[in-house]
Amino acid sequence: MSLKIAADNFPTLLVGETENFAVVREYDEGRDKVAVEEMEKRCEIGQRGKPSLVTDLMGDPICRIRHFPSHVMLVAECGEGGEMAGVIRACIKTVTRGSSGYVKLAYILGLRVSPSHRRLGIGLKLVQEIEKRCKQQGAEYSYMATDCTNESSINLFTRKCCYTKFRTLAMLVQPVHAHYKPLGSGIATFRLTPKLAETIYSRLFVDAEFFAKDIGTILSSKLNLGTFMAVPKNCLPQWDPKTGILPSNFAILSVWNTKEVFKLQAKGVSKLTHACCTGLRLLDAWMPWLRLPSFPDVFRQFGVYFLYGLHMEGKNAPRLMKALCAFAHNMARDDDGCGAVVAEVGQRDPVREVIPHWRKFSWAEDLWCIKKLADEKPDVDREFEPPDWMKRESSSPVIFVDPRDS
């Protein structure tokens, strides 16, 4: 059961001028659910005549943070009538910071301000208030993620909230076709038990950044569809997992089902584009041997499989990783309503060049910004204190992306 950050010790916060004030307080499901959903729908509306991707949280505004042991969601109300003006979410977790051990940090996400209440400082106050609550829960850092083209979000966090541009990742999207992808000859794929997967991941990602300390909880979640490994078939009989020795050639990844958390839908697409995509999809279904790069039906609600914990080793590693990605694609192909397979990896991660994706639908730069929340400790001997995470280069090209963040 998730333990929400206690709200009893936090008074409501008044923001703005008397005639246009806002109240920032914790989200109350019974009181706020409908108003939050309506406000977020207004925020989702893109520019007229341009395609947009709309998110449906399926009646659960807190769904994206519910699976973290510690989380909080705040809302901002404006005026005497208490009109819903903004919302923000955060979760607190313990992760690795490279080779310097673990650190407790907050992940801030889902900031929305109603179009009719922007430029009033509401977004800034929501960020400041949620930082305060996360800090009181022991978070030493907070971070956020956004597309590098989202200038308004970047400016808010870096200029007004003192965040620093920290890491840049690549978001790789592979549409799910109507045909199955071949895995390749001479490759064996198999599923690992959650316990074995936890042991392997704890070894492989010990020096990575953002590796979750509660990896066992993630792997045991009902949203985790499994951890899979690929090895050359001739190596399979020689590998005994009980020895604790990994194969010389292997690839590994896990699959997370976000389709049970939220769904997406493409809107604002022209009739011609819609007809072309539908026709190509039908052709791919009728003649799968042609392996046409068809587009899924994203014009109705669809879900996504998120790949995480991707790692490979050995001279055959790229081929093995591609086979695992094809395996995940075929899993999604068999799951009605799954439209894409997505992975997010560091720019310098070797797996980046191997993961199949469509460049047109992928993000080359997903920007992570970070801020130190913890105060300096005057009584701590600096010689034995870990170096400031923000002031040093990463010791590893690998960044572990928590699937619960997706």
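Between domain 1 and domain 2, 27 residues of the former are in contact with 28 residues of the latter, where contact means heavy atoms within 4.5 Å. In domain 1, Met58, His67 and Thr96 lose the most area to domain 2, together 21% of what that side buries. The area buried between domain 1 and domain 2 is about 2,400 Å², and carbon and sulfur atoms give 57% of this area. Buried area is here the accessible area (1.4 Å probe) that two parts lose on being put together, summed over both.

The model is a predicted one, in which local features need pLDDT of at least 70 and side-chain atom pairs count only at pLDDT 80 or more, whereas totals for chains, interfaces and linings use all residues. Residues are numbered from 1 along each chain as its sequence is written, and side-chain values use heavy atoms, with hydrogens and water left out.

The domain assignment of the protein gives domain 1 as 22-168 + 370-380 and domain 2 as 173-266 + 298-364 + 399-405; such bounds come from an automatic or database domain assignment. The centres of the two domains, taken over C-alpha atoms, are separated by 28 Å.

**Salt bridges**

A salt bridge is a side-chain nitrogen of Lys or Arg within 4 Å of a carboxyl oxygen of Asp or Glu. By this rule the count comes to 17 salt bridges, and the count between domain 1 and domain 2 is three. Four of the pairs are listed below with the distance between their closest N and O atoms.

| Pair | Closest N and O atoms |
|---|---|
| Lys93 and Asp405 | 2.7 Å |
| Asp32 and Arg25 | 2.7 Å |
| Glu129 and Lys132 | 3.4 Å |
| Arg31 and Glu77 | 3.6 Å |

The surroundings of these pairs can be described by relative accessible area: buried means under 20%, exposed over 50%, and partly exposed in between (1.4 Å probe, protein chains only). Asp32 counts as buried at 1% relative accessibility, and its partner Arg25 is buried with a relative accessible area of 8%.

In the pair of Arg31 and Glu77, Arg31 counts as exposed at 55% relative accessibility, whereas Glu77 is buried at 12%. Helices (H or I, at least four residues) and strands (E, at least two) are DSSP runs, numbered from the N terminus. The salt bridge joins Arg31 to Glu77, with 3.6 Å between the closest N and O atoms. Arg31 lies in helix α1 (residues 29-44) and Glu77 in strand β5 (residues 70-78), so the pair ties together parts that are 46 residues apart in sequence.

Glu129 and Lys132 both belong to helix α2 (residues 122-136); because they are three residues apart there, about one helical turn separates them. Glu129 is buried, with a relative accessible area of 4%, while Lys132 is partly exposed at 40%. Elsewhere, salt bridges that share partners join Lys93, Asp214, Asp402, Arg404 and Asp405 into one network.

**Backbone and local positions**

Which residues other than glycine have a positive phi value? Two examples are Arg119, with phi near 65°, and Phe210, with phi near 70°. Arg119 is found in the loop between β7 (102-113) and α2 and counts as exposed at 85% relative accessibility. Phe210, by contrast, lies in strand β11 (residues 209-212) and is buried, with a relative accessible area of 2%.

Ser153 is found in helix α3 (residues 151-160) and counts as buried at 16% relative accessibility. When residues up to four places away in sequence are not counted, Ser153 touches Met144 and Thr146.

**A nonpolar surface patch**

On the surface, Leu280, Leu282, Leu283 and Trp286 form a nonpolar patch with about 390 Å² of accessible area together. Patches are made of residues with over 30% relative accessible area and no salt bridge; like charges are joined within 9 Å, and nonpolar side chains (Val, Leu, Ile, Met, Phe, Trp, Tyr) within 5 Å. Accessible areas come from the Shrake-Rupley method with a 1.4 Å probe, and for residues only the protein chains shown count as cover. Within this patch, Leu280 lies in helix α6 (residues 271-286) and is partly exposed, with a relative accessible area of 31%.
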